[in-house]
Number of protein chains: 2
Amino acid sequence: MPTKEMEEARSLFIRRWGEMAACWGVSRTMAEIHALLYLATEALCTDDVMDQLSVSRGSASMNLRELVNWGLITRLHRRGDRKEYFEAETNAWTMFETIVRERRRREVQPIVETIEKCLEMTEPHGAPRKSDPNDDAESCRQRLTDILEFFELMNTLFNLMMKGGHHGVPTLLKRIGKILG
Amino acid sequence: MPTKEMEEARSLFIRRWGEMAACWGVSRTMAEIHALLYLATEALCTDDVMDQLSVSRGSASMNLRELVNWGLITRLHRRGDRKEYFEAETNAWTMFETIVRERRRREVQPIVETIEKCLEMTEPHGAPRKSDPNDDAESCRQRLTDILEFFELMNTLFNLMMKGGHHGVPTLLKRIGKILG
DNA sequence: TCATCCTTTCAAAACCTTCTGAAAGGATTC
DNA sequence: GAATCCTTTCAGAAGGTTTTGAAAGGATGA
């Protein structure tokens, strides 16, 4: 039997999680559903979501599907039950990995490709000459290159973090801490 | 004299940067202005922004102010000129640091505080008993704790990355790479 | 085959964000 | 003080996103 405090805490977290989502380009309802499932101790069905968050069937269905697409929740069938149930990934690091991978694929990759294209388009042709920082085009290219390198470095960092599973990260951090004194 | 290719590349990058922004909860125009200033070799005034991006004076003014608030661009006055000019931070790492710091303050901090409050609200009172993973409330608290720890770890990582300036990061990555083989 | 149960779809509605443009505000120069 | 120049503000318009709810789709069991 869930206590009153527990219910309040749960709903507080769900609401805040939903509010924050807007800042990150995720719809409030989708984030609330995610939070609801993250805290749920057992899989919930569409009607549970509708009831607990007061959203329509359509919205619940769309948002649940989207969450499945993101890989943040999974469908679950139960023998002898026609309903579909949903379950969230509950390991915070796995969640993080999933989100970063998806965002990288959907959002970072396109911009990286665009930058590469921009650099190709503006490749200085003719005799190679010393790069002149006063040259408008050259400094523009330089900035594009800087951003590109930044993305590449972040990519490397993420790959390193995910290497060796989630347990690696806290250990990794301790080691970095030592390196940096 | 900017070449035709350079102009095309510039506008391509600006548009893509703007498109990506929506995914991250930033308005397209604000991101486009940011990209425009990032690539600009000299400070631009409001009219430059209006002309080059075809936006209204009001929008340019609002978005420029917002960018100043974020600390991504700075105002610039020139002797003998009434206009205000704007200049972007052009170091990618400084930019990154600014963005992460601001987002942390605005978006991560509130959710961390909410989680802490949730945990306080649901502190088990009475005789301390063994935590029981089957207990609904206890497993809910556990998940909240997990998320909290995740945020704390990310916080530590960011602080480490920023320790010792931007040059530290590539070096750091190389070292981590060696540690992990 | 029909009835039931559940999910998905989608056009219309509701809602929210952003932009526009004109007006007001404020600083500087003549 | 008036004119000029530039910035800011904000109500209304425009545009975009999300939700709703009803209808269609599809599976299962009687």
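Student: Which element gives the largest share of the surface near DNA strand D?

Tutor: That's α4(B), with four residues. Keep in mind that this is a predicted model.

Student: What makes a residue count as near DNA strand D, and how many residues surround that strand?

Tutor: The cut-off is one heavy atom within 4 Å of the strand. Around DNA strand D there are 18 residues, and the closest are Thr29(A), Ser56(A), Arg82(A), Arg65(B) and Arg82(B). Those five therefore belong to the surface near DNA strand D.

Student: Which parts of DNA strand D supply the atoms within 4 Å of the protein?

Tutor: Sugar or phosphate takes 64% of those atoms, and the rest belong to bases.

Student: Why is Asn63(A) said to be in polar contact with DNA strand D?

Tutor: Set the distance against the rule. A polar contact needs a pair of N or O atoms within 3.5 Å. From a polar side-chain atom of Asn63(A) to a phosphate oxygen of DNA strand D, the distance is 3.3 Å, so the pair passes. Arg75(B) also brings a polar side-chain atom to a phosphate oxygen of that strand, at 3.4 Å, and that fits the 3.5 Å limit too. Glu84(B) uses a backbone N or O atom instead, 3.0 Å from a phosphate oxygen of DNA strand D. As for elements, α4 of chain A and α4 of chain B are the ones that give two or more residues to this surface.

Student: What makes up the surface near DNA strand D, by class?

Tutor: One nonpolar, 10 polar and seven charged residues. Arg is in the charged class, so Arg65(B) and Arg82(B), both among the closest to DNA strand D, are charged residues here.

Student: OK, over to the other strand. Which residues come nearest to DNA strand C?

Tutor: Out of 18 around it, Arg65(A), Arg82(A), Thr29(B), Ser56(B) and Arg82(B) come nearest. On the DNA side, sugar and phosphate make up 65% of the strand C atoms that come within 4 Å of the protein.

Student: How do you know that Ser56(B) makes a polar contact with DNA strand C?

Tutor: A backbone N or O atom of Ser56(B) sits 2.6 Å from a phosphate oxygen of that strand. The limit is 3.5 Å, so this counts. Asn63(B) reaches a phosphate oxygen of DNA strand C with a polar side-chain atom, at 3.3 Å. Arg82(B) goes for a base: an N or O atom in its side chain is 3.0 Å from a base oxygen of DNA strand C, so that pair is a polar contact as well.

Student: Which element supplies the largest share of the surface near DNA strand C?

Tutor: α4(A), with four residues. By class, that surface has one nonpolar, 10 polar and seven charged residues.

Student: How do you know that Arg10(A) and Asp136(B) form a salt bridge?

Tutor: The test asks for a side-chain nitrogen of Lys or Arg within 4 Å of a carboxyl oxygen of Asp or Glu. Here the closest N and O atoms are 3.3 Å apart, so the pair qualifies. The count between chain B and chain A is two salt bridges, alongside 14 residue pairs in polar contact. On the chain B side, elements giving two or more residues include α1 (4-23), α5 (92-121) and α6 (136-162). The largest share, 16 residues, is from α6(B). By class that side has 40 nonpolar, nine polar and 12 charged residues.

Student: How much area do chain B and chain A bury between them?

Tutor: About 6100 Å², 79% of it on carbon and sulfur atoms. The contact takes 61 residues from each of chain B and chain A.

Student: Where do the two domains of chain A lie, and how far apart are their C-alpha centres?

Tutor: Domain 1 is 4-88 and domain 2 is 92-168, with C-alpha centres 34 Å apart. Nine residues of domain 1 and seven of domain 2 of chain A make the contact.

Student: How many salt bridges cross that domain interface?

Tutor: Zero, so no pair there meets the 4 Å rule. One residue pair is in polar contact across it.

Key:
Residues are numbered from 1 along each chain as its sequence is written. Chains are lettered from A and ligands numbered from 1 in the order in which they are written. This is a predicted model: local features need pLDDT of at least 70, side-chain atom pairs count only at pLDDT 80 or more; totals for chains, interfaces and linings use all residues. Side-chain values use heavy atoms; hydrogens and water are left out. Domain bounds come from an automatic or database domain assignment. Contact means heavy atoms within 4.5 Å. A polar contact is a pair of N or O atoms within 3.5 Å; within protein, one must be able to donate a hydrogen and the other to accept it, and residues adjacent in sequence count only if both atoms are side-chain atoms. Buried area is the accessible area (1.4 Å probe) that two parts lose on being put together, summed over both.
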